[in-house]
Number of protein chains: 2
Amino acid sequence: MSLDSRKKQILQAIIDDYIETAEPVASKGLVDRHDFHVSSATVRNEMADLENLGYLEQPHTSAGRIPSDKGYREYVDSMLRVDDISSKEAREISERITESFDELTGLLRKASSALAEKTGYISLALSPRLRKSYLTQLKMLMIEPGKVLVVVVLSAGVVKDKIARVPDFLSAEQLYAVSNAIESGLCGRSLEEITLVTVTSAVKGANLPDILLNQILFEAYTAIKQADNLELYMEGTNKMLSYPEFRDNDRARTLFDTLSRDRIIAGYINEVSETHNSPTYMIRIGQEIQVEGLQDCSFVTTTYNIGDKVAGNIGVIGPKRMDYSKVVSQISFVRSTINDQIRKIKDANGGDT
Amino acid sequence: MSLDSRKKQILQAIIDDYIETAEPVASKGLVDRHDFHVSSATVRNEMADLENLGYLEQPHTSAGRIPSDKGYREYVDSMLRVDDISSKEAREISERITESFDELTGLLRKASSALAEKTGYISLALSPRLRKSYLTQLKMLMIEPGKVLVVVVLSAGVVKDKIARVPDFLSAEQLYAVSNAIESGLCGRSLEEITLVTVTSAVKGANLPDILLNQILFEAYTAIKQADNLELYMEGTNKMLSYPEFRDNDRARTLFDTLSRDRIIAGYINEVSETHNSPTYMIRIGQEIQVEGLQDCSFVTTTYNIGDKVAGNIGVIGPKRMDYSKVVSQISFVRSTINDQIRKIKDANGGDT
DNA sequence: TTTAGCACTCGACAGACAAGAGTGCTAAAT
DNA sequence: ATTTAGCACTCTTGTCTGTCGAGTGCTAAA
């Protein structure tokens with residue numbers, strides 16, 4: 001069932017050309033540009049075969065061929081040559097990313113923007129999933145009567161906070177007592193274990209009126225829970241309008257409408273990255289993408305780690321004829337730069353995800 | 001120089017029609033739809049006059065007329081009728097916005113998204129400018145050796161924080177001492193007064209080695225300064241593709257390219273809102289907008305307050321033929337909802353901007 | 001198995017033409 | 001003096017036509 005080597009070679013050449021020009025590729029032009037040692041007629045026969053096998057499509061009878069989803073799939077699976085990126089580009093990317101010292105959010109933002117700029121496509125960065133990471137600190141800081149800052153520190157080295165309301169008459173000492181109780185009761189518990197019940201049982205025996213306690217507990221709980229909120233950073237959408245496949249207004253509209261629903265995109269990436277566990281990169285092409293409205297696109301995604309656990313994703317959305325080889329090498333580089341940088345942020349302070 | 005009442009009436013009718021249809025308005029259709037008690041020929045003469053005066057333009061000889069920038073300007077200045085929004089819409093908007101309890105960022109995000117959805121155009125929300133607000137608290141919380149959370153609380157009720165690096169051997173007690181010293185030295189100073197020098201002089205006499213001190217001071221300084229970072233929330237850009245003026249790919253591209261440069265947009269709004277001090281709303285039309293690439297658009301912006309001072313802006317970008325009356329009423333409502341909500345967040349705890 | 005050659009298909013493009021919308025102008029009516 | 005009916009003129013839009021060229025598929029020869 002696998003293609004013979006000449007068919008492979010021709011398919012590869014067609015896809016290479018199509019990626020570059022976005023025009024249907026014709027037999028004559030193909031032999032002109034690449035030197036197969038056969039004539040255009042032979043290539044034509046091969047192309048007819050490739051079409052019958054489902055690797056190519058013909059927009060209309062007398063046009064050249066364009067790759068089908070299956071064609072691209074074959075291309076990325078068995079003939080993708082991934083080079084290292086140039087050292088100049090590597091330097092530029094890593095300069096941009098390492099600008100952000102301490103903060104994960106900033107890091108992801110920078111990475112996303114570097115990726116968008118360097119690839120020329122849409123970049124994505126998804127904040128880490130922290131359900132498996134555990135609580136290491138929980139502090140509450142009285143800002144003014146009735147208003148406290150709840151600070152949540154997780155094993156992943158991530159710090160989140162939230163302003164919360166409490167009754168005015170709660171004193172700083174009372175707050176301190178409760179927050180210590182919660183902290184010691186929950187330290188070491190993973191986010192997914194923590195429920196309102198767990199939180200409540202953590203402070204058994206604190207001597208505060210229940211109503212007061214409940215409110216604080218609830219605030220602590222929401223602060224902890226919101227640490228796991230999925231956030232999506234997206235950049236470079238504007239670039240898509242210059243690709244011929246999205247010149248057409250209707251196409252562009254469905255694309256942008258879909259992209260504006262970022263909960264859906266985030267959810268999809270999340271889901272895909274959980275089922276598919278390749279360590280390096282992952283490619284989804286056209287119809288393979290289970291998101292209504294992205295069937296003219298391809299996804300390239302990869303993961304980044306916190307500690308030794310997979311934590312979140314970065315990715316690129318582009319037209320199906322994106323330059324896979326370039327994108328894969330760039331995204332791989334960004335991935336490893338992010339990982340390095342996260343390691344630096346965490347320092348050598350141990351604690352895995 | 002001012003228009004006689006019939007000309008005004010005609011201009012208004014033309015703009016109303018054009019806002020609805022996006023098609024050049026012809027004399028015949030105009031008298032059909034509105035009952036002026038004159039014939040189309042008379043209207044034609046008036047339209048010719050209006051064109052000579054610069055209020056209308058003609059795409060080509062035998063087409064109807066479309067409003068010029070000057071026409072729109074006249075329209076919004078002297079014949080805009082702003083109704084209150086329906087109570088149903090008011091309820092929907094305020095429900096969405098008041099969802100976010102305590103946090104300004106969330107509030108602005110929600111407001112922006114409600115605005116985008118209800119207007120059908122692009123919504124903007126700009127984080128508050130806090131240069132005039134003063135520091136009320138500065139806390140440093142040791143998260144782990146070498147890593148502290150710097151929390152900055154401003155008079156405006158805004159809380160910002162930042163993770164900072166310090167040398168590993170700094171003890172919690174030392175940190176506490178320094179942060180107290182900085183806090184008491186800077187409390188009551190406005191952000192614009194605070195410089196690295198001010199910060200340094202705030203801790204004269206603390207007995208810590210200089211190198212150590214300098215690093216902490218620098219972190220405190222950057223944490224304070226970044227509280228004033230301008231952030232722009234933008235939503236609804238995808239909707240623009242469905243308006244006929246941006247069907248054309250080139251137009252759409254310049255628009256999206258411009259919108260992707262959000263520092264520029266933010267800066268412009270900021271600048272305009274400082275020069276122009278109307279209390280309610282502000283409209284900029286087409287060529288009046290000093291941002292390359294937005295000349296096919298109009299801006300409607302307004303301000304929101306923290307305490308009794310103007311703090312930031314919200315706004316809408318749409319095609320020049322946007323429904324000004326609807327947008328103005330909606331944005332005004334959002335403005336007052338935001339103001340109410342900010343008042344609630346600040347509570348009755350005094351302290352002006 | 002490859003290739004040259006040729007007939008055939010189809011889209012892209014330009015030109016011609018008709019239809020329709022809208023204007024500007026003029027001359028008559030109010 | 002203002003309004004209006006009427007008409008010629010302009011310009012866009014859509015349709016239809018024919019031509020050109022690119023590209024294929026097939027056949028027959030190498």
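1. Helix 3 of chain A gives the most to the surface near DNA strand C: 4 residues. The model is predicted. Helix 3 spans 40–52 in chain A and 40–52 in chain B, and each of these two helices supplies at least two residues of that surface.

2. Which residues come nearest to DNA strand C? They are S39(A), T42(A), T61(A), S27(B) and R65(B), out of 22 around the strand. Sugar and phosphate make up 77% of the strand C atoms that come within 4 Å of the protein.

3. By residue class, the surface near DNA strand C splits into 12 polar, 6 nonpolar and 4 charged.

4. Some polar contacts to check by eye. S39(A) places a backbone N or O atom 2.9 Å from a phosphate oxygen of DNA strand C. S62(A) reaches a base oxygen of that strand with a polar side-chain atom, at 3.2 Å. In chain B, S62(B) has a backbone N or O atom 3.4 Å from a sugar or linking oxygen of DNA strand C.

5. Now the protein interior. The largest nonpolar core holds 220 residues. Those with the most contacts inside this core are I182, L294 and Y324 of chain A, and I182, L294 and Y324 of chain B. Another core, of 12 residues, lies apart from it; I143(A), L149(A), I143(B) and I163(B) are among its members.

6. What does Y324(B) touch, leaving aside neighbours within four places in sequence? Its contacts are I19(B), Y72(B), Y75(B), V76(B), L80(B), I283(B), I285(B), S298(B) and V300(B).

Key:
Residues are numbered from 1 along each chain as its sequence is written. Chains are lettered from A and ligands numbered from 1 in the order in which they are written. This is a predicted model: local features need pLDDT of at least 70, side-chain atom pairs count only at pLDDT 80 or more; totals for chains, interfaces and linings use all residues. Side-chain values use heavy atoms; hydrogens and water are left out. A residue is near a molecule or strand if one of its heavy atoms lies within 4 Å of it. A polar contact is a pair of N or O atoms within 3.5 Å; within protein, one must be able to donate a hydrogen and the other to accept it, and residues adjacent in sequence count only if both atoms are side-chain atoms. Ala, Val, Leu, Ile, Met, Phe, Trp, Tyr, Cys and Pro count as nonpolar, Asp, Glu, Lys and Arg as charged, and the others, Gly among them, as polar. A nonpolar core is a set of buried Ala, Val, Leu, Ile, Met, Phe, Trp, Tyr and Cys residues joined through side-chain atoms within 4.5 Å. Buried means under 20% relative accessible area, exposed over 50%, partly exposed in between (1.4 Å probe, protein chains only). Contact means heavy atoms within 4.5 Å.
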